[in-house]
Amino acid sequence: MKKKTGQLVTPALAILSALLFSTLFISLSGQDPVMIFSKMVRSTIGSSYGTGQVVFRLTTLILSGLAVAIPFKLRLFNIGAEGQLLMGAFAAAITGSLIPETLSPALAIALCILSAMAAGGCWGLLAGVLKVQFGVNEVIATIMLNFIAQGITGYLLTWHFALPSTVHTAPIRAAAGIPSIESLTGWFANSPANLSLLFSIAAALLFQIILFRTRFGYEMRAAGLQPEAARHAGINAGMHTLIAMTTGGAVAGLGAANIILGYKHYYESGMTGGIGFTGIAVALLAGANPVWIICTALFFSSLEYGGLTVNAWVPKDIFMIIEAMTILLVISFSALEKQLMNR
């Protein structure tokens, strides 16, 4: 089997197998799988509101998937997208609430997005510095940084920025809000889908070009595949590590644009809902390919919202199992494929 064919077949087989297992689980729970899947389809792509909900989740999932995929090109496993997203969301909310009311919408949105990306990027850079300067494993560093980010944002929210008798920050200025898709096109009525979807798709396409069509991307991939050979060729792997971790964090921070500027308009504890962790699954299923991440993010966002719509019949935990099984099957099929190719 050719490598490119394997890259397509393996995720497809994993998704198909996971759906077969989910059919079995639904049957064991006493429900009709056909009815459940039919309702899920009608509630997502069969409904304007449901499609908007999928689009809203898709936006942040693309960015959190990219946050994992970019460092992965250097064989760095960024588990910290959740913490980077938290820091970015908090920075965007505070910036948006403090900027002058007279600021133009373009400048207000740009300032909030830049602050979110800077906060997420700095959080990713910390893990990169620990890796390059002290040899700290990036998995351990990013996991710990997730806890620290949760603690910092929780402390700042509770003791300094929460409005009296609430658990959220002051709302951002009206000028900093990203318009909903409905307000411009009439699509996805009453859903939180907004124009930050364009940012996430543009980011995926931009990184596809950078990684596979530029010298910088070639050096980054070479440093990940053959570190020793890359070092002898004059490639600075340490610098690429810092850039990859910072870029990944900044992209995760950009995800705050969807949640804070396009939907909530303030920060509150727990609002990211672990979407940074789901980004790991999105990136792995896509083989860390930026364009494929759009497709796998769509699969997971459909599964997440579709699972909510049938929660009255089937526990949503079943769909969490499906997500986890999909990743396990991708890893298993990939390992099996390598064994067959090496024979």
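# Questions on a predicted model

Biologist: Which residue has its backbone oxygen 3.0 Å from a polar atom of the side chain of asparagine 78?
Modeller: The atom to find is a backbone oxygen, 3.0 Å from that side chain. It belongs to alanine 67.

Biologist: Which pLDDT must side-chain atom pairs have to count?
Modeller: Residues are numbered from 1 along each chain as its sequence is written, and side-chain values use heavy atoms, with hydrogens and water left out. This is a predicted model: totals for chains, interfaces and linings use all residues, local features need pLDDT (the predictor's confidence in each residue, from 0 to 100) of at least 70, and side-chain atom pairs need 80 or more.

Biologist: Where is confidence lowest in the chain?
Modeller: The mean pLDDT of the chain is 90, and 97% of its residues reach 70 or more. Helices are DSSP runs (H or I, at least four residues), numbered from the N terminus. Confidence is highest in H5, at 97. Confidence is lowest, at a mean of 74, in helix H14 (residues 317-342).

Biologist: Is asparagine 78 buried or exposed?
Modeller: Asparagine 78 sits in the loop between H3 and helix H4 (81-98). Buried means under 20% relative accessible area, exposed over 50%, partly exposed in between (1.4 Å probe, protein chains only). Asparagine 78 has 0% relative accessibility, so it counts as buried.

Biologist: Which side chain makes a polar contact with the side chain of asparagine 78 at 3.3 Å?
Modeller: A polar contact is a pair of N or O atoms within 3.5 Å; within protein, one must be able to donate a hydrogen and the other to accept it, and residues adjacent in sequence count only if both atoms are side-chain atoms. At 3.3 Å, the partner is glutamine 84.

Biologist: How many disulfides does the structure hold?
Modeller: A disulfide is a pair of cysteine sulfur atoms within 2.5 Å. For cysteine 112, the nearest cysteine sulfur is that of cysteine 122, 17 Å away. Cysteine 112 is buried at 0% relative accessible area, while cysteine 122 is partly exposed at 49%. The number of disulfides is zero.

Biologist: Which helix gives the most to the largest nonpolar core?
Modeller: A nonpolar core is a set of buried Ala, Val, Leu, Ile, Met, Phe, Trp, Tyr and Cys residues joined through side-chain atoms within 4.5 Å. The largest has 74 residues, and those with the most contacts inside it include Leu66 and Phe300. Ten of its residues come from the helix that gives the most, H3 (residues 48-72).

Biologist: How far apart are the C-alpha atoms of threonine 60 and alanine 257?
Modeller: Threonine 60 is found in helix H3. It is buried, with a relative accessible area of 2%. It is in contact (heavy atoms within 4.5 Å) with residues including Leu85 and Gly255, leaving aside neighbours within four places in sequence. Its C-alpha atom and that of alanine 257 are 197 residues apart along the chain, but in space they are separated by 8.7 Å.

Biologist: How far apart are the end C-alpha atoms of helix H5?
Modeller: Helix H5 (residues 105-134) has 30 residues. The expected span is 1.5 Å times one less than the number of residues, so H5 should span 44 Å. The model agrees, with its end C-alpha atoms apart by 43 Å.

Biologist: Which residue follows H5?
Modeller: Its phi is positive, near 70°. The residue is glycine 135.

Technical notes. Helix = DSSP H or I, 4+ residues; strand = E, 2+ residues; numbered from the N terminus.
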